[in-house]
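Please look over the sequence and the three-dimensional view below before reading on. The paragraphs after it are meant to be read with both at hand.

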Amino acid sequence: MTRNFSAIAALFLAGTLFFAINVLSNATLHSARFDLTEDGLFTLSEGTLNTLAKLDEPIRLRFFYSEKLANDIPGAQAYSQRVRDMLKEFEAKADGKLILEIIDPEPFSEAEDKAVALGIQGLETGGGDKFFLGLAASNMVDGQETIPFFAQDREQFLEYDLTRLIAKLSTGEQPKVGVLTGLPLDIGKGGVEGLMRGNIEPFVLYEQMGEFYDVTLLPKQFLQVDADLDVLVIVQPDNPDLLTRYAIDQFVMRGGRVIAFTDPVSEVAKPPAKTKNPLASPDATSPSSELADLYQSWGIAMDENIIVGDRKNGLRVAVDYQGERQNVAYIAWLGLGKPAFNQEDPVTADLSYMTFAMPGFLTPLEGATTQFTPLISSSTDSGPIEATLILRRAPNPIDLLRDFEPTAQSYTIAARVSGPAASAFPAGPPPLPEDADDVLRERYAALPAHIAQAQSPINIIAVADTDMWDDGWWVQSTSFRGQRIAVPTADNGNFVLGAIENMTGSNELISLRSRARSNRPFTVVAEILASAESRYLAEEQRLEQELKQTEARLAQMERPSSAGMPLPEGGAGQSFISAEQEREIARAREQIAQTRAALREVQRSLREDVDRLAATLRFINIGLMPLIVALAALLFGWIRRQRRKQRARNAWLTEAKQ
């Protein structure tokens, strides 16, 4: 009775303790989380945490997710759960400044109408319904941002996209962009002459910048960059003087961001050519940007006498050569596809194709304190070409291709540079020119104190090409009712606008990089398959070829005409085959059967190691673990029984001694 009562009391106390722990954990540990994933998929980056900590007012997040339709789309349920978990993690770390609503927009419901009105895009399913997986966000002053659909191929940038959206809503102001250039971006390729004739057609990319940002075109020479600028875009400036370069240097030292486009051979920087031949010899000199001292302080270099040739990615052009019209790759004009772009950086991850004309290349300086990250690179079938060869001789593309010697390495055309850096002017601002007027001297005297070391890690994107800005390289323009319509043919514009968007964000946002994907590929299985294919693929191909040859020989023998004899009179529709031919046909059929059996054996061998691994995993999951638990239970029971017997024996010995 006493033993039963003790057992019941113990169960009651255990239940009470379990209930108390749950109540206590719900009250005090509701936000506790443990991220046990290998890559920390659910642990927010420091940049995201800093962005959330700076929120001054609540932001409302409405997550539209068609939960019931997710099962109809492969992979949608798992990825939707990943997005929802990330949003909840944002909400938990925002200290009440993020208000998350999860809405299931069922077909023909008010929620579906609301999703469409907010710009959320639905994915058509097989049943005619729309699957929604998007986010609409708003702040307290009617600012709105949306992610129309969470595409699974951007999973590694999920945290970046969410942080960028929140950062935009937290500021509410249009970013300010300053442009320093020697190109006629604002009036078109006609330059001043075109302006005099009233022919003004700004570069499409410059127009698009004005649609998204507050753009200011800076003068060619200045003493100071406005501290209110979020980013400075430099596009082949026209020989900036020392004071202008010092102003850029100090802007960077104060934490300003720069996107610099410089080019050894800038075709777009030259006056309009008198000839319509794009391969005609250009001027003997190319406008120089003279930013070498700034580049050096940032830890990078660009040789202004070298361009990159790429035999694999050269654009094809039609040329006359030795009296014939030929189509050949012009290795100095590049069309770069997906492999050229850094898939780990948000600026280049979504790009598919870009064009460049005679680009240079960037290299990190030895001993630099900054980090050099390539964004766009040529193929390994590339090599350097002297710019003077192009500028003075303009060789025929066929001759250029024939004399080209690739170096079996890729060259960086665009790069991100970040980290600590020192000023390019360690001694302070350069002196004023002797002929400076009083106004200039007064402004010079009012310059802020010199900054010798960057106050925060610098953020630079450098590109060794400027022709990518030219409309002719990436858009086709048509006129409709007096309005210019630009249809992109390459991602040049997407790259520039994406770089500006990235650099106008906070340092926390810029510091974010891609994260690992949540779906983990079966790498062991892939390695086993690759090993098996290397062993058996050649044999499989040989057997398939042998099978085709034997079947073709059999079909040839079974045709009446193959005997080389006419059909007997009155025997129309019947074939005359000799006994020797019948034996040969039988041997061919037997060989076909043997070859097919051998082919099946090879194909079975391709899967043998994978099937063995699958059987092992099934045994571990289904059989081994329960067996281990059962054995552990038996062992525990045996130990308890032995201890009980030992206690009984000890008690009997004690009584016997008494």
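What follows goes from the whole chain to two loop residues and then to two charged patches.

The model is a predicted one, and the description of the fold is best started from its overall counts. The protein contains 16 helices and 21 strands, and of its 658 residues 40% count as buried. When contacts in the protein between residues at least 6 apart in sequence are considered, 76% of them join residues at least 24 apart. The area that the protein exposes comes to about 37,200 Å², and carbon and sulfur atoms supply 54% of it.

With that background, the backbone can be examined at two places. Most residues other than glycine have a negative phi. Asn239, however, has a phi near 45°, a positive value in a residue other than glycine, and Met358 likewise has a positive phi, of about 50°, although it is not a glycine. Asn239 is found in the loop that runs between β8 (231-235) and α8 (242-253), while Met358 has its place in the loop between β14 (354-357) and β15 (362-364).

Is each of these two loop residues buried or exposed, or does it fall in between? Asn239 has a relative accessible area of 36%, and it counts as partly exposed because this value lies between the 20% under which a residue is buried and the 50% over which it is exposed. Met358 has a relative accessibility of 3% and therefore counts as buried, since buried means under 20%.

The surface also carries groups of like charge. Which residues form the patch of negative charge? Glu434, Asp435, Asp437, Asp438 and Glu442 gather there on the surface. Of these, Glu442 can be followed further, as it lies in helix α12, which covers residues 438-445. With a relative accessible area of 58%, Glu442 is over the 50% cut-off and so counts as exposed.

A patch of positive charge is found on the surface as well, where Arg640, Arg641, Arg643, Arg644, Lys645, Arg647 and Arg649 gather. Arg644, one of the residues in this patch, is located in helix α16, which spans residues 579-657. The relative accessibility of Arg644 is 45%, so that this arginine counts as partly exposed, the value being between the 20% and 50% limits. It can nevertheless belong to a patch, because the accessibility required of a patch residue is over 30%.

Notes: Residues are numbered from 1 along each chain as its sequence is written. This is a predicted model: local features need pLDDT of at least 70, side-chain atom pairs count only at pLDDT 80 or more; totals for chains, interfaces and linings use all residues. Side-chain values use heavy atoms; hydrogens and water are left out. Patches are made of residues with over 30% relative accessible area and no salt bridge: like charges are joined within 9 Å, nonpolar side chains (Val, Leu, Ile, Met, Phe, Trp, Tyr) within 5 Å. Accessible areas come from the Shrake-Rupley method with a 1.4 Å probe; for residues, only the protein chains shown count as cover. A salt bridge is a side-chain nitrogen of Lys or Arg within 4 Å of a carboxyl oxygen of Asp or Glu. Lys and Arg count as positive and Asp and Glu as negative; His and the chain ends are not counted. The place of a charge is taken as NZ of Lys, CZ of Arg, CG of Asp or CD of Glu. Helices (H or I, at least four residues) and strands (E, at least two) are DSSP runs, numbered from the N terminus. Buried means under 20% relative accessible area, exposed over 50%, partly exposed in between (1.4 Å probe, protein chains only). Contact means heavy atoms within 4.5 Å.
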